[in-house]
Amino acid sequence: MAAPCRRMASRSLLQIVSSFSRTAVGNSGFRLFSNTSVCRAIVQTRFVPERASSPWTLKAAVCLQRLPVISADCAPIEQQFKEMMHQMELEKSVLSDHELRLLEDAERMSRKRADDYDSDEEDNHRDQDIMLAQDLEDIWEQRMKNFQPELRVKADVDKDLTSLQRCLADSLILLAEQQVGGEKLWLLPQAQWQEGETLQQTAERALASLPAAGFKATFLGNAPCGVYKYKLPKAARTESVVGTKVFFFKAILSDKGPPAATNASFMWLKRSELQRYLKPAYMMKVERFILGL
């Protein structure tokens with residue numbers, strides 16, 4: 001009994017599995033094992049620690065948008081359609097309560113001017129305040145004259161790229177000045193991923209790290225909406241770091257925060273203005289997920 005046990009102990013795992021597969025050929029109740037599958041499993045377990053260390057540095061960036069505050073100006077065809085619909089509504093509509101009251105007041109005044117006017121017929125209106133519909137219209141017109149609407153376009157404010165009050169009819173995107181290598185570039189606010197946090201937490205930290213910003217944002221989902229990958233120059237590459245992967249998250253501005261300082265390191269730009277500050281390869285990735293609102 002001891003001799004067979006010693007022979008089994010001296011054999012390798014691969015020989016035992018191969019002998020088990022040969023004995024199981026005639027038995028349809030067993031599944032055949034392949035030597036190559038066993039070797040592949042052993043090789044995969046050996047290379048798991050090597051895959052964990054990626055040569056790419058991970059970063060997370062946030063695409064923060066301020067939605068339009070006022071309605072945009074109508075295009076010529078939109079203005080024509082608006083006027084047509086207004087004319088159709090005017091032609092097909094019935095009289096409103098105010099218009100009916102105007103007619104009723106006019107009819108009552110004509111009866112008072114008639115020679116056969118009988119004041120007993122106006123008993124239903126005696127207890128009411130003497131305020132004609134025309135008097136109400138005069139009051140409303142006076143209030144309309146005193147009303148001063150806010151200007152839709154302010155040239156001095158629109159030129160201030162750090163102001164949230166510029167271009168109120170357009171959607172604005174936040175750009176921040178970031179240190180990349182030995183130069184400063186205008187990019188979406190980004191930060192390097194730290195162990196123990198999610199990529200969304202990294203994006204939130206990138207937004208909170210802006211000096212004197214204090215923006216409050218609502219993130220649209222927990223998954224990235226895009227990724228931008230670039231390699232470092234050959235002189236800056238090492239065996240452990242080859243390049244950087246930047247994962248983008250979308251967010252909507254929910255609170256404008258305090259006024260921006262004069263030397264703020266961020267800008268609010270329209271979509272058409274981004275190409276003047278972003279590099280073409282970076283711009284191509286970013287414009288795919290910008291909300292066209």
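How many residues does helix 4 have, and how far does helix 4 reach from its first C-alpha to its last? Here are some notes to help you find your way around; please keep in mind that this is a predicted model.

1. Let's start with that helix. Helix 4 covers residues 76-92, which makes 17 residues. From first C-alpha to last, helix 4 reaches 25 Å, close to the 24 Å expected at 1.5 Å a residue.

2. While you have helix 4 in view, look at its surroundings. Helix 4 is hardly covered, and the count of buried residues among its 17 residues is 0.

3. Next, please turn to strand 4, which spans residues 190-192 and includes Gln190. Gln190 has a relative accessible area of 9%, so Gln190 counts as buried, the cut-off being under 20%.

4. Which residues does Gln190 touch, leaving out those up to four places away in sequence? They are Lys59, Ala60, Ala61, Gln178, Val180, Ala206 and Val246.

5. Moving on from the strand, you will find Glu197 in the loop between strand 4 and helix 8 (199-208). Glu197 is also worth a look for its accessibility: because its relative value is 16%, Glu197 counts as buried.

6. Two polar partners of the Glu197 side chain are easy to display. A polar atom of this side chain lies 3.2 Å from the backbone nitrogen of Gln194. The side chain of Glu197 also makes a polar contact with the side chain of Arg205, at 2.7 Å.

7. Arg205 appears again among the residues that Glu197 touches, together with Gln192 and Thr202, when residues up to four places away in sequence are not counted.

Methods:
Residues numbered from 1 in each chain as written. Predicted model: local features only at pLDDT ≥ 70, side-chain atom pairs only at ≥ 80, totals over all residues. Heavy atoms only, no water. Helix = DSSP H or I, 4+ residues; strand = E, 2+ residues; numbered from the N terminus. Buried < 20%, exposed > 50% of the residue type's maximum accessible area, 1.4 Å probe, protein only. Contact = heavy atoms within 4.5 Å. Expected span 1.5 Å × (residues − 1). Polar contact = N/O pair within 3.5 Å; in protein donor to acceptor, adjacent residues only side chain to side chain.
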